[in-house]
Amino acid sequence: MFEIVRREEMAKGTVILNEIEAPRIARKAEPGQFVILKANETGERIPLTMADTDPERGTITVIYMVVGRSTALFRELRVGEGYQDMIGPLGRSAHLERVGTVVCVGGGTGVAVLYPITRGLKQLGNRVISIIGARTKDLLILDDEMKAISDELHVCTDDGSYGHHGFVTDVLKTVLEEEVVELAVAVGPVLMMKFVSEITRPYNIKTLVSLNPIMIDGTGMCGGCRVSVGGENKFACIDGPEFDGHKVDFDQLMQRLQAYRQEEIQSLEAHRCKLEP
Amino acid sequence: MAEKEPVKEKIPRVVMPEQRPDIRRRNFDEVPLGYTSEMAVEEASRCLQCKRPPCVAGCPVDIDIPAFIGHIRAGDFDEAIKKILEKNRLPAICGRVCPQETQCEIRCVLGKKGEPVAIGNLERFAADFARINGIEGAPPRQKPTGKRVAVVGSGPAGLTVAGDLIAKGHEVTVFEAFHKPGGVLVYGIPEFRLPKEIVFAEVALLDKDGVDIECNMVVGRTVTLDELFDEGYDAIFLGVGAGLPRFMDIPGENLVGIMSANEYLTRANLMKAYRFPEYDTPIPRGKNVAVLGAGNVAMDAARTAIRLGADEARIVYRRSRQEMPARAAEIHHAEEEGIEFLFLTNPKRFLGDDSGHVIGMECLRMELGEPDASGRRRPVPIEGSEFELGCDLVVVAVGSGANPLLTNSIKDLVLNRWGYIEADPETGKTSLDGVWAGGDIVTGSATVILAMGAGRKAADSMHEYLTGGRRLS
């Protein structure tokens with residue numbers, strides 16, 4: 001078992017943080033890499049990009065939004081309990097280099113994945129402009145943490161309950177008009193990453209996105225996570241999860257992410273009684 | 001040895017009872033039901049007990065076939081399993097999935113005039129009898145050597161190495177990337193052909209013998225080879241399988257509803273998606289399923305699709321019936337279950353609807369031309385023969401390549417031009433001192449028993465190395 005040593009509820013309990021004991025993974029993991037978690041015997045294998053690692057404590061941290069059957073099951077796990085199975089670190093680490101000014105854009109729980117990448121870019125001496133957003137103020141996560149590692153932080157909410165009223169892409173446009181930016185990193189909903197990539201394209205700003213398609217093994221064996229990148233098929237698990245946003249076929253990715261929509265509803269329904277007393 | 005009896009070739013081969021096709025095509029229970037003791041004794045009595053048995057030469061792990069069959073004939077089933085276990089620690093698995101018809105049985109003297117002895121069925125019987133009755137027959141462990149061996153991958157090659165080396169007194173740890181041991185036996189081969197319970201039972205015996213099995217360990221990622229040596233392992237065996245799915249590389253292949261056989265079968269077998277929603281992993285339940293390819297994996301996929309409720313499941317193959325790589329028995333089972341075969345047909349592109357879901361394929365009719373490198377006649381498209389074939393699920397079962405995840409993490413490991421590990425065919429030695437390899441990551445996709453044979457050779461060589469304390473090359 002992989003024991004949970006710290007658990008926090010964020011965004012009104014819709015987002016959960018788990019710090020999990022896994023010394024071998026913690027020692028190896030780099031920003032941008034992911035793990036695959038499975039709660040119990042009948043559980044599904046769920047890939048989650050790590051939000052943090054602590055090699056000394058021998059732990060890794062994941063932050064996930066409760067969206068379906070499996071994440072609802074994860075939410076039930078308390079400190080002292082744990083995941084039956086976990087593997088990692090998987091995928092390539094994020095591309096970190098000193099380029100000058102970088103813009104880091106995060107939406108929803110994507111901010112959790114963005115955080116270690118942003119920190120890495122900051123540590124390399126880049127000037128970091130971060131733009132993070134959520135639907136509403138209560139759903140915003142890690143704004144203090146992002147603030148601490150950014151030279152400039154812009155916060156957006158779709159409903160205007162906090163920070164800029166509007167989308168992260170609105171702020172991004174303004175930033176790009178005013179600043180010379182060498183690199184953009186975007187992590188969040190697929191649609192957000194798509195629009196960020198479209199906005200940076202005319203500026204010719206290298207734009208990296210972190211993808212989380214459906215996969216099973218995470219080691220290149222099933223091919224379920226294939227993504228069309230520049231017309232070529234790539235496996236997000238071994239070639240990614242980070243890709244050039246200007247080359248990713250986001251529309252296809254969105255369709256592939258919907259592959260089990262019906263089953264997800266069915267599965268959640270079948271277990272609802274157990275999950276929501 | 002049993003006394004030689006008069007030749008009784010008139011006794012017909014005892015047919016193993018099976019679930020009826022119309023019933024089994026809708027369940028995941030095992031198809032062949034096994035011999036009763038009486039059936040086994042009768043079948044065993046057909047064996048001529050040849051002095052120089054040609055069947056043994058056909059067995060990649062050298063089982064003393066006449067000897068174990070002789071014990072069955074005598075009704076001494078305990079001795080039969082002991083005899084098998086001297087050479088093969090996974091008999092319940094091999095009895096089910098080995099291609100006996102091209103290995104031991106094809107060499108059986110009886111086969112020249114009639115039907116060969118059902119060696120595979122008898123092996124299965126002996127193993128099942130032992131398991132059900134709690135008979136243990138593994139040879140005793142030799143005294144501890146103090147040497148430690150790491151086995152990477154818990155498929156047939158790795159388990160064979162583990163079994164052989166634990167018996168020889170070494171300490172053995174098996175590292176498996178998945179959450180359950182067994183490799184292809186668990187994620188690839190379906191329940192109705194090889195019940196997972198049987199795999200876990202044979203793995204449990206190794207565990208009982210002292211083999212330490214660590215799941216969730218992606219060697220190359222979670223831990224590197226160098227670290228394993230640093231942690232005190234004296235020798236390492238790499239048996240990670242081929243593990244990289246091949247696709248068709250034609251337009252539309254990323255439509256929803258098109259997946260590799262690896263994905264489809266892993267969902268069904270390892271993740272038990274056929275029991276969704278009791279198990280959380282979903283699997284598409286296609287009504288009109290096309291399986292591309294005609295090997296054993298393709299048969300497994302098509303037969304899984306039928307069991308998941310398909311109205312139609314079709315094998316679509318670019319060559320003709322006689323070039324099909326699948327075992328005859330698998331093809332026969334598939335046909336009995338109503339799988340259709342569309343020969344000399346190759347998809348040109350996949351067709352999708354507005355939501356990006358596959359609805360069909362545009363196919364080309366093929367004809368056979370001159371023999372190619374494989375010795376089989378090359379399929380050539382017939383110009384202008386395009387036609388559409390409707391389907392809502394496509395499983396691509398056209399083979400696999402070498403997965404680079406592990407091999408790329410090992411500096412100086414010599415690979416061939418296809419990315420498979422270069423290993424001495426006699427010893428399994430790789431280019432690195434203290435590192436052996438075997439199974440599909442060396443040969444490319446092959447059979448369970450060939451992987452086990454490679455494991456056996458590597459284990460012998462590793463034992464020599466560990467007890468000699470130096471590299472023998």
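Colleague: How many residues do chain B and chain A each give to the contact?
Modeller: The model is a predicted one. In it, both chains take part in the contact. Chain A contributes 47 residues, and chain B contributes 44 residues.

Colleague: What area is buried between chain B and chain A?
Modeller: The size of an interface is often given as the accessible area lost when the parts come together. Carbon and sulfur atoms give 53% of the area buried between chain B and chain A. The total for this pair of chains is about 3800 Å².

Colleague: Which residues in chain B lose the most area to chain A?
Modeller: Three residues of chain B are to be named here, and together they make up 21% of what that side buries. They are Arg221(B), Asn254(B) and Asp280(B).

Colleague: Which side chain meets Asp280(B) in a salt bridge?
Modeller: Across the interface of chain B and chain A, the rule finds four salt bridges. In the one that involves Asp280(B), the N to O distance is 2.9 Å, and a salt bridge needs such a pair within 4 Å. The partner of Asp280(B) is Arg69(A).

Colleague: How many residue pairs are in polar contact across the interface of chain B and chain A?
Modeller: The count takes pairs in which both residues have pLDDT 80 or more. For the interface of chain B and chain A, the rule gives 22 residue pairs.

Colleague: Which element gives the most to the side of chain B that touches chain A?
Modeller: The elements that give two or more residues to that side are β5 (243–245), β6 (258–260) and α12 (261–268) of chain B. With four residues, the element that gives the most is α12(B).

Colleague: By class, how many charged residues does the side of chain B that touches chain A have?
Modeller: That side has 21 nonpolar and 13 polar residues. Its charged residues number ten.

Colleague: Is Arg24(B) buried or exposed?
Modeller: Arg24(B) lies in helix α1 (residues 21–24) of chain B. The side chain of Arg24(B) reaches the backbone oxygen of His333(B) at 3.3 Å, and Arg24(B) also touches other residues, including Arg303(B), Arg307(B) and Glu336(B). Its relative accessible area is 0%, and the cut-off is under 20%, so Arg24(B) is buried.

Colleague: Where does Thr224(B) fall between buried and exposed?
Modeller: Thr224(B) is in the loop between β3 (212–214) and α11 (225–230) of chain B. Buried means under 20% and exposed means over 50%. The relative accessible area of Thr224(B) is 22%, so Thr224(B) is partly exposed.

Technical notes:
Residues numbered from 1 in each chain as written. Chains lettered and ligands numbered in written order. Predicted model: local features only at pLDDT ≥ 70, side-chain atom pairs only at ≥ 80, totals over all residues. Heavy atoms only, no water. Contact = heavy atoms within 4.5 Å. Buried area = accessible area lost by both parts, 1.4 Å probe. Polar contact = N/O pair within 3.5 Å; in protein donor to acceptor, adjacent residues only side chain to side chain. Nonpolar A, V, L, I, M, F, W, Y, C, P; charged D, E, K, R; others polar. Buried < 20%, exposed > 50% of the residue type's maximum accessible area, 1.4 Å probe, protein only. Lists of a residue's contacts leave out its neighbours within four places in sequence.
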